[in-house]
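Reader: I have a fresh structure open on my screen and would love a guided tour. Could you take my questions one by one?

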Amino acid sequence: MRDTLLIALLAFLGAAAAGLLGALALRLLRHRSVMVSLTVVAAVSVTAMLAGTLAVAQAMFLSAHDLTVVTTVCAMAAVVSLATALLLGRWVVARSAALTRAARSFGEGGVFAAPGGGATAELDALSRELAATSARLAESRERERALDASRRELVAWISHDLRTPLAGLRAMSEALEDGVAEDPARYHRQIRTEVDRLNTMVGDLFELSRIHAGSLPLRPSRMSVYDLVDEALAGAGPLAREHGVRLVGDGVAAVPVEVDGKEMTRVLGNLLVNAIRRTPADGTVAVAARREADSVVVSVTDGCGGIPEEDLPRVFETGWRGSAARTRPGGAGLGLAIVRGIVEAHAGRASVHNVPGGCRFEVTLPAAVSVGAVPPREG
């Protein structure tokens with residue numbers, strides 16, 4: 001038993017010495033390639049076994065012949081092990097180099113394409129992560145391009161919308177200053193109208209900037225969708241009468257929601273104004289609300305004739321004001337972007353799709369816990 005323990009101790013000391021030297025070598029070569037590290041690991045394993053074996057052989061006082069045989073066997077095993085490690089290392093390094101080249105092209109703005117051929121599980125996992133990251137970055141770049149194009153359009157449209165009323169204000173003020181205005185009272189009313197329009201535009205821009213910055217203050221309270229729709233219909237009534245459009249609020253259920261009443265009234269008001277302006281005279285704009293599972297869906301349907309399919313994804317973009325085929329309203333294209341921002345701030349979503357004769361905007365909001373069912377509003 002004592003001899004066995006002595007043999008184990010000698011083998012351990014010889015292997016430990018080789019292991020310490022290998023650890024030192026790995027530390028010194030830690031910035032080199034993977035192939036060098038694999039070679040060192042293989043050499044340490046073989047050397048540790050060789051050192052332990054030779055230490056035991058020396059302690060056992062083997063004959064010179066037996067010691068030569070043991071040494072030769074260990075040396076041949078070491079050579080084969082190192083050769084195998086080098087071959088495997090070259091394969092791993094080649095795969096790693098291919099992955100590095102693919103990642104470099106990906107980092108330079110391209111699309112990551114995983115190199116073909118087999119690989120270790122770790123390299124395969126890394127390839128999958130890089131491919132997924134590449135897809136997400138491609139989507140982000142596409143969104144950034146779309147936002148940049150939308151931003152340029154918005155700047156161009158805002159510049160035009162500001163320049164026109166400012167030029168009119170300057171002309172009217174000069175006419176009043178020079179005393180050549182035939183009807184000063186009419187000029188004053190027109191100036192007030194243009195100033196109100198500019199003030200509304202600036203307010204919309206400020207609201208949109210707060211939405212984009214995530215600093216829109218919300219004060220949610222429990223209220224009925226019935227009351228929200230009723231208030232929005234009352235506010236849009238004068239504009240509907242001016243355009244000869246009929247407002248209908250059939251089937252609006254008194255479903256409770258937790259929302260900021262002021263902001264949600266603005267959402268419905270923007271949708272109604274947009275619908276009224278795009279609906280021809282003698283047309284109808286219908287508002288409805290229904291409960292769907294844990295959500296409340298408020299819809300505004302107009303008679304605009306429909307939106308081209310290619311424009312549907314852009315409807316809620318900042319600055320979008322419709323294609324040339326549709327009548328362009330007098331706004332700056334901010335109303336629907338504000339609608340989406342406010343709705344998403346309430347953890348809801350805004351959508352649009354075409355219906356026969358027009359399109360339907362839908363706002364989906366989380367429903368508050370309802371105590372009891374209330375019959376829908378008719379009329």
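Reader: Thanks! To begin, how many helices and strands does the secondary structure of the protein chain come to?

Author: Happy to help, and please keep in mind that this is a predicted model. Of the chain's 379 residues, 34% count as buried. Counting secondary structure along the protein chain gives eight helices and seven strands.

Reader: Among contacts between residues at least 6 apart in sequence, what share joins residues at least 24 apart?

Author: Contact here means heavy atoms within 4.5 Å. Taking the pairs at least 6 apart in sequence, the share that joins residues at least 24 apart is 70%.

Reader: Let's turn to helix 6. What distance lies between its end C-alpha atoms, and what should its residues span?

Author: Helix 6 covers residues 225-243, which makes 19 residues. The expected span is 1.5 Å times one less than the number of residues. That gives 27 Å, and it agrees with the end C-alpha atoms, which are 26 Å apart.

Reader: Where in helix 6 does a kink lie?

Author: A bend compares axes fitted to the seven residues ending at a position and the seven starting there. In helix 6 the kink is about 45° and comes shortly before the proline Pro238. The residue at the kink is Gly237.

Reader: Which residues of helix 6 are buried, and what covers them?

Author: An α-helix has 3.6 residues a turn, so residues three or four places apart point the same way. In helix 6 the buried set is Val225, Leu228, Val229, Ala232, Leu233, Ala236, Gly237, Leu239 and Ala240. Their cover includes strand 1, strand 2, strand 3, helix 7, strand 4 and strand 5.

Reader: At the start of helix 6, which backbone nitrogen does a side-chain oxygen of Ser224 reach?

Author: Ser224 itself lies in strand 1. With a relative accessible area of 14%, Ser224 is buried, and it touches Ala254, Val255 and Pro256, leaving aside residues up to four places away in sequence. Its side-chain oxygen comes to within 3.1 Å of the backbone nitrogen of Tyr226.

Reader: And what phi does Gly244 take just after helix 6?

Author: Gly244 follows directly on the end of helix 6. Its phi is positive, at about 70°.

Reader: Is Asp282, which has a positive phi although it is not a glycine, buried or exposed?

Author: Asp282 sits in the loop between helix 7 and strand 4, with a phi of about 70°. The cut-off for exposed is over 50% relative accessible area. At 74%, Asp282 is exposed.

Reader: Which residue with a positive phi follows helix 8?

Author: The place to look is the loop between helix 8 and strand 6. The residue there has a phi of about 65° although it is not a glycine, and at 63% relative accessibility it counts as exposed. The residue is Ala347.

Reader: What do the buried residues of helix 8 pack against?

Author: Helix 8 runs over residues 335-345, and its buried residues are Leu336, Ala337, Ile338, Val339, Gly341, Ile342 and Val343. These pack against helix 5, helix 7, strand 6 and strand 7.

Reader: How many of the residues of strand 7 are buried?

Author: Strand 7 pairs in the antiparallel sense with strand 5 over seven bridges, and with strand 6, also antiparallel, over seven bridges. Strand 7 is largely enclosed by the rest of the structure, because the buried count is seven of its nine residues.

Reader: Which residues of strand 7 are the bridge partners of Ser295 and Val352?

Author: For Ser295, the partner in strand 7 is Pro366. For Val352, the partner in strand 7 is Phe361.

Reader: In the hairpin of strand 6 and strand 7, which residue takes a positive phi?

Author: Two residues lie between the strands of this hairpin. The phi in question is near 85°, and the residue is Gly357.

Reader: Last one! How many aromatic pairs are there, and why is the pair of Phe316 and Phe361 described as it is?

Author: With ring centres required to lie within 6.5 Å, the count is one aromatic pair. The rings of Phe316 and Phe361 have centres 5.9 Å apart and planes at 85°. Both residues are buried, and because Phe316 lies in the loop between strand 5 and helix 8 and Phe361 in strand 7, the pair ties together parts 45 residues apart in sequence. Since planes over 60 degrees apart count that way, the pair is edge-to-face.

Note on methods: Residues numbered from 1 in each chain as written. Predicted model: local features only at pLDDT ≥ 70, side-chain atom pairs only at ≥ 80, totals over all residues. Heavy atoms only, no water. Buried < 20%, exposed > 50% of the residue type's maximum accessible area, 1.4 Å probe, protein only. Helix = DSSP H or I, 4+ residues; strand = E, 2+ residues; numbered from the N terminus. Phe/Tyr/Trp six-rings, centres within 6.5 Å; stacked < 30°, edge-to-face > 60°. Polar contact = N/O pair within 3.5 Å; in protein donor to acceptor, adjacent residues only side chain to side chain. Pairing = 2+ DSSP bridges.
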